[in-house]
Amino acid sequence: MTTPSTPTPSATIPQNTEAAPAPTHMRAPVPVQTRSERFTSTDVADFPEVTGREVMWKHTPVARLAELISGELDGSPYVFDLTAAPGVTASWVARDDARIGAAGIPEDRASANAWTNFEQALLVSITGDDVKEATLTRAALGGGARAAHTVVEVAPGAHATLILQNSGAAHLTENVEFLLGARADLTVVSVQEWDDDALHVSAHFAELAEGARIKHVAVTLGGGVVRLNPSAHLAGARADAELLGAYFADASQHLEQQVYVHHDGPETRSRVTYKGALQGEGARTVWIGDVLIGPKAVGTDTYEQNRNLVLTDGARADSVPNLEIETGDIVGAGHASATGRFDDEQLFYLQSRGIPEEEARRLVVRGFLFEIVQQIGSPALQERLQQAIEAELAVSVTAAS
């Protein structure tokens, strides 16, 4: 029997066997743990080229948006129309205006490209505590790649509804800021009824002071690729944000929303509700909802939800709700997401009462989307959008039945 001998360490072998650190360029990037930690910059050169594998771009057809993400942009002032309303004015201001950047800074390359290239910002000022409604219309942007920047300043205590009406041809990347003073109350409705081949990438930033309230409604019915990302920073105590969205995607149409609500002040409240319908081969919708409750946001009350109704084969809806909580002293927080087809029981119920299948399908989708539209608060706009949705349904219901 042979007894194994104990090997003697060689003098040429180092006693410290800890591996040397990998070169910096070989290390894996540390993932961003919270939405608020994302890199931000107003200079497009600070962002790497977009590959489509990034977290914020992985659902987006980046090849179709290449000219807006990295291309040269026309940042000159454009033609717009603002309906007359007491206390609502619009003017062009220089890039060094102190209000620019007060609500938010770009966190993606397309937003930064717009910021780098715009020449002047369109300033919409809202004053007066009387209830008023104004419409800002853009319908002549043309097919060239364009950058834009808009600042909506709402004076303390002011109340208004502002409709941002978008139609016609466009290849546009832009930033829109909403600055709400103490106890200001703003309903903003962004309507996208672009031409079928339009490209639109828009980042909306809202900054809310103490007691301020914003209702942000995004209605998207037109455009080839539309990516509208609204964010709300509830900085002041008892600030309130309601973010609503309704969208209808047809064949080969890509509609995307990445929503972000940051509860920062105490006793703040938010509600996020987005609902969409899809029909046709290649119809695609993306909804990502991020809610962050910061460490100072005690007494927060928040809930977000997204619902999607798939009307035909070949359509796809992605829905990703996220909730981050950094304090245990809250009123409530939750989220929900659901994507499905027609409810057969609903159709059976309606048909059993003598309603033809085509009309029954139309009624189901109409009720599904009108829940959002009816919360706008502008009767004339609600009626017009309901007619536009009815026109979409006239096509989709026939295809589905």
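In what order do the strands of the open sheet of nine strands run? The order is β1-β4-β6-β8-β10-β12-β14-β16-β18, and the pairing is mixed. At the edges sit β1 (81–82) and β18 (332–340), each of which pairs on one side only. Please keep in mind as you read on that this is a predicted model.

**Strand pairing**

Let us look at some of the pairings. Strands of a sheet pair through backbone hydrogen bonds, either parallel or antiparallel. Within the nine-strand order, β14 and β16 are listed next to each other. Strand β14 (residues 269–278) runs parallel to strand β16 (residues 301–310), and ten bridges join them. One residue pair to look up here is T273, whose bridge partner in β16 is Q305.

Strand β11 is a good place to linger. Ten bridges join β11 to β9, and the two run parallel. Seven bridges join β11 to strand β13 (residues 254–263), again in parallel. H233 of β11 shows up in both pairings: E207 stands opposite H233, and H233 in turn stands opposite H262 in β13. As for cover, nine of the ten residues of β11 are buried.

**A residue in β4**

T135 lies in strand β4. Is T135 buried or exposed? Its relative accessibility is 18%, and burial means a value under 20%, so T135 counts as buried. Setting aside neighbours within four places in sequence, T135 has contacts with D81, L82, T83, I163 and Q165. Two of these contacts, D81 and L82, carry the numbers of edge strand β1 (81–82).

**Cavities**

Rolling a probe the size of a water molecule over the atoms shows where empty space is left. Over the whole structure, the search turns up three cavities of 30 Å³ or more. The table sets out two of them.

| Cavity | Volume | Lining by class |
|---|---|---|
| Largest | about 70 Å³ | four nonpolar, five polar and two charged residues |
| Second largest | about 50 Å³ | seven nonpolar, three polar and no charged residues |

Which residues line the largest cavity? They are Y78, L136, R138, T150, L164, Q165, N166, E174, V176, S190 and H204. At least two lining residues come from each of β4 (133–138), β6 (159–168) and β7 (171–180). Strand β6 gives the most, with three residues. Q165 in this lining is also one of the contacts of T135.

The second largest cavity is lined by F178, H204, F205, A206, I214, H216, P230, S231, A232 and L243. Two or more of its lining residues come from each of β9 (199–208), β10 (213–222) and β11 (225–234). H204 appears in the lining of the largest cavity and in that of the second largest as well.

**Nonpolar cores**

How many residues make up the largest nonpolar core? There are 53, and I126, F178, L180, L186 and I214 touch the most other members. F178 and I214 also belong to the lining of the second largest cavity. If sequence neighbours within four places are left out, L186 is in contact with I126, V152, V154, A160, L162, F178, L180, R213, I214 and K215. Apart from this core lies another, of 28 residues, with V217, F248, V365 and F368 among them.

Note on methods
Residues numbered from 1 in each chain as written. Predicted model: local features only at pLDDT ≥ 70, side-chain atom pairs only at ≥ 80, totals over all residues. Heavy atoms only, no water. 1 Å grid on protein atoms, 1.4 Å probe; cavity = no way out; pocket = protein on both sides within 12 Å on 5 of 7 lines; lining within 4 Å. Points joined across faces, edges and corners; volume = space filled by probe spheres on them. Helix = DSSP H or I, 4+ residues; strand = E, 2+ residues; numbered from the N terminus. Nonpolar A, V, L, I, M, F, W, Y, C, P; charged D, E, K, R; others polar. Core = buried A, V, L, I, M, F, W, Y, C linked by side-chain atoms within 4.5 Å. Buried < 20%, exposed > 50% of the residue type's maximum accessible area, 1.4 Å probe, protein only. Contact = heavy atoms within 4.5 Å. Pairing = 2+ DSSP bridges.
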